[in-house]
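User: I'm new to this structure and would like a close look at one part of it. Could you take me through the space enclosed inside, and then show me what else is worth finding from there?

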Amino acid sequence: MTSQTATSTAPRTPAAHPLDPLTADEIAAAREVLEAEGKVTEATRFPLVLPDEPDRHTVLAHRDGHPVDRRIRVTLLDTQTGRAAEAVVDVSARVLLAYRDLDAASDGQPPLLFEEYETCDEIVKADPGWRAAMAERGITDTSLVIAAPLAAGHFGVAEESGRRMLRSLTFLRCSESDNPFAHPVGGLVAEVDLVERRVIRLIDTGIVPTPAECGRYEAEFNGPERTDLLPLEIRQPQGPSFTLDGPVLRWQNWRLRLDFNAREGLVLHQIAHRDGDRHRLVLHRASIAEMAVPYAEPDPARNWVCYLDAGEYLLGRNANTLRLGCDCLGEIAYVDAVLADDLGRPETLPNAICIHEEDTGLLWKHTNIFDNFAVDSRRSRRLVISYIATLGNYDYGFYWYLYQDGTIAFEAKATGLLQTSAAEPGAGSPYATEVAPGLLAPFHQHLFCARLDAALDGGGNTVEEVDVVRLPTGPDNPHGNAFTTRATVIADSGDGGRTADPAAGRRWRISNPGSLNRMGQPVAYSLVPESGPLLLAQTGSPVAERVAYATRHLWVTRYRPERHYPDGDYPNQHPGGAGVAAWSRPGEGLEDTELTVWHAFGPTHLPRLEDWPVMPVDSCGFALRPTGFFDRNPALDLPRETGDGSGTHCHA
Ligand code: CO
């Protein structure tokens with residue numbers, strides 16, 4: 001493996017392991033089986049094609065060399081009738097296992113097709129009402145206009161029920177390469193029925209001047225470039241310290257399986273850490289299963305804006321092909337992803353996943369002042385597994401980190417362009433920052449949801465909420481200095497939704513009561529949150545109903561294979577109440593059993609002038625830190641560094 005070589009994840013045929021990524025042949029076979037069953041017409045599209053992953057018992061029961069049943073879950077959409085269906089195809093036996101029609105009004109809509117972005121633009125620009133409204137704003141040439149394809153949400157409007165819809169905001173450009181978000185057209189929303197192919201309602205709240213100033217971020221508009229930056233090279237002359245064997249990634253004591261799907265993008269399976277001669281499982285599966293971006297403006301032209309970038313737009317399908325030296329620096333291995341296009345045909349996204357090592361400073365150090373100031377230290381290195389997806393104006397980097405001390409961490413990096421609206425220059429807004437004259441960048445949140453199938457040492461797991469607590473001054477605490485911890489078991493599904501408390505140092509300890517460390521305590525990892533604001537939309541609001549997962553920082557639910565996504569299987573135009581909200585009714589015991597831990601996190605973004613015209617990375621994330629999982633510091637065996645390269649150890 002070299003930095004120049006893309007590594008294919010394509011497994012041998014037939015698949016060797018139940019969790020191997022889907023292959024092009026398997027995706028093609030799913031479509032062929034559906035064609036043979038008469039389920040595919042000229043109008044059929046494939047908005048969602050995903051592996052139908054076996055449950056964890058099936059995976060654990062698998063033995064190398066034994067045959068594997070491979071299944072694909074396909075969502076079909078008839079673009080002429082709007083009817084949708086879900087099928088499960090066994091692509092090993094080439095048979096249709098299950099097929100059911102979806103009821104759009106109650107099940108929700110399949111995610112958006114790429115071709116519907118074009119459809120939306122065509123429908124809006126052909127609409128006489130929209131053309132008249134644009135003419136009133138002085139715009140008759142619409143060739144450079146963008147009619148943005150925006151997820152419609154669900155607001156209980158009877159005439160919208162069951163329709164496959166988008167809402168469209170309009171942006172202008174001065175040229176093909178211009179930044180459209182510099183020129184939002186104010187007060188205008190076209191509501192589009194994608195099946196009837198017409199605008200069903202036009203909201204025009206009145207003319208607002210369209211901001212004229214360009215928002216170009218490219219070098220040719222922002223020169224001269226700095227000349228005082230000298231080369232910084234990252235070299236690994238003997239190559240990186242990880243190995244990839246198909247989808248199996250090994251680094252230091254870590255081992256996991258890589259996967260990549262259309263909806264969640266990167267998925268890590270069976271994350272295990274070697275401890276002596278044991279491979280100890282930590283997580284059965286880890287992904288970012290949703291991200292909601294709700295906006296704060298209450299006016300009728302904007303009060304519906306909330307995007308679900310996984311459930312409505314698909315993170316994986318919108319992933320970038322990464323470029324060496326730009327997106328990732330150093331000794332890189334890239335892995336391709338194989339997904340299905342709108343027609344259900346396999347397509348390869350080259351260089352979708354980036355794997356590399358990073359120096360992260362000091363791991364541990366001590367100067368022994370009692371022994372001639374003897375120094376011992378080790379540097380920390382982490383393995384980075386990442387991808388980047390572009391969703392409209394925003395670009396998101398998704399970074400999983402594995403550390404040598406047993407820590408697993410995740411970081412999301414948001415960059416790209418701000419979503420914008422227009423106002424009278426200087427008028428300002430209580431819901432937005434005016435980033436250029438008349439150009440508002442509305443307040444909004446990015447609310448990610450990590451899905452973590454806990455599996456510490458396999459077996460049953462328990463989650464406790466752990467706070468630090470002060471103790472009252474008294475006979476046992478005469479100086480009032482005492483403090484301790486209070487651990488509360490999350491015992492029932494009805495108590496599974498938890499809120500962070502930074503003042504209490506609150507963290508959630510995931511343990512295995514059947515596996516004890518050398519001090520006789522259950523082995524554990526702690527989820528350490530960043531504790532930002534939760535969903536700010538009102539309880540009971542349409543957004544809160546659909547994005548209920550973001551009303552708590554943590555949810556603990558019983559693991560069930562059909563519990564995939566925190567906002568349900570089809571959140572597009574879904575009325576709400578699906579996902580963790582439904583799985584957190586009281587009555588399911590959560591102690592010493594198989595659990596899924598859902599963690600909601602992310603920035604509440606109050607745009608700054610410095611976020612325009614392109615946004616410096618804003619990052620957020622969480623960590624899973626071993627807490628008595630190991631019997632001692634697991635990084636004592638790291639080799640000593642050779643310091644300046646002279647061969648002299650840093651150790652003195
Ligand atoms: Co933002």
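Analyst: Strand β2 gives the largest share of the lining of the largest cavity, three residues. Keep in mind that this is a predicted model. β2 covers residues 44-51, and β3 (71-78), β15 (278-294) and β26 likewise each supply at least two residues of that lining. In total, 24 residues line the largest cavity, and Pro51, Glu53, Pro561, His564 and Tyr565 lie nearest its centre. The space inside is about 280 Å³. A search of the whole structure turns up three cavities of 30 Å³ or more.

From the cavity, let's follow β26, one of the strands in its lining, to some aromatic rings. Phe448 sits in β26 (residues 447-454) and Phe601 in strand β33 (residues 595-601), so their pairing ties together parts that are 153 residues apart in sequence. The two ring centres are 5.4 Å apart and the planes meet at 15°, so Phe448 and Phe601 count as stacked. Both Phe448 and Phe601 are buried.

These two rings have company. Ring pairs join Phe448 and Phe601 into a cluster with Phe260, Tyr387, Tyr394, Tyr396, Phe398, Trp400, Phe410 and Phe622. The structure holds 22 aromatic pairs. Among them is the stacked pair of Tyr387 and Phe398, with 4.8 Å from centre to centre and 10° between the planes. Tyr387 belongs to strand β19 (residues 374-391) and Phe398 to strand β20 (residues 394-403), eleven residues apart. Tyr387 and Phe398 are both buried.

Rings can also have a charged group over them. Arg382 lies over the face of Tyr401, 3.7 Å from the ring centre. For Lys413, the charged end is placed over the ring of Tyr399, at 4.1 Å from its centre.

Now look back at Tyr394, one of the cluster members, for it leads to a metal site. Its OH coordinates the cobalt ion, together with NE2 of His444, NE2 of His446 and ND1 of His605, at 1.9 to 2.0 Å. The angles among the four donor atoms run from 93 to 138°, and the site is irregular. Along the sequence, the donor residues follow the spacing Y-x49-H-x1-H-x158-H. His446, in the loop between β25 (444-445) and β26, and His605, in strand β34 (residues 604-605), link parts of the chain 159 residues apart. His446 and His605 are both buried.

Finally, the backbone has a few spots to visit. Most residues other than glycine have a negative phi, and most peptide bonds are trans. Following on from β34, the loop between that strand and β35 (615-626) contains Pro613. The peptide bond from Trp612 to Pro613 is cis, with omega near 5°. Another cis bond runs from Gly223 to Pro224, with omega near -5°, and Pro224 is in the loop between β10 (198-204) and β11 (242-245).

For positive phi, take Arg94, whose value is near 55°. Arg94 is in the loop between β4 (84-90) and β5 (95-102), and its relative accessibility of 44% makes it partly exposed. Leu314 also has a positive phi, near 75°, and is placed in the loop between β16 (306-308) and β17 (333-340). Its relative accessibility is 0%, so Leu314 counts as buried.

Key. Residues are numbered from 1 along each chain as its sequence is written. This is a predicted model: local features need pLDDT of at least 70, side-chain atom pairs count only at pLDDT 80 or more; totals for chains, interfaces and linings use all residues. Side-chain values use heavy atoms; hydrogens and water are left out. Rings of Phe, Tyr and Trp (its six-membered ring) pair if their centres lie within 6.5 Å; planes under 30 degrees apart count as stacked, over 60 as edge-to-face and the rest as tilted. Helices (H or I, at least four residues) and strands (E, at least two) are DSSP runs, numbered from the N terminus. Buried means under 20% relative accessible area, exposed over 50%, partly exposed in between (1.4 Å probe, protein chains only). A charge sits over a ring if NZ of Lys or CZ of Arg is within 6 Å of the ring centre and within 35 degrees of the ring normal. Donors are N, O and S atoms within 2.8 Å of the metal (3.2 Å for Na, K and Ca); water is not among the atoms, so sites may look incomplete. Four donors count as tetrahedral if all angles lie between 85 and 135 degrees; four count as square planar and six as octahedral if opposite donors are over 155 degrees apart and all others between 65 and 115; anything else is irregular. On a 1 Å grid over the protein atoms alone, a cavity is a set of points where a 1.4 Å probe fits but cannot get out, and a pocket is an open set with protein on both sides within 12 Å along at least five of seven lines; lining residues have an atom within 4 Å of a point. Grid points are joined across faces, edges and corners, and a volume is the space filled by probe spheres set on the points.
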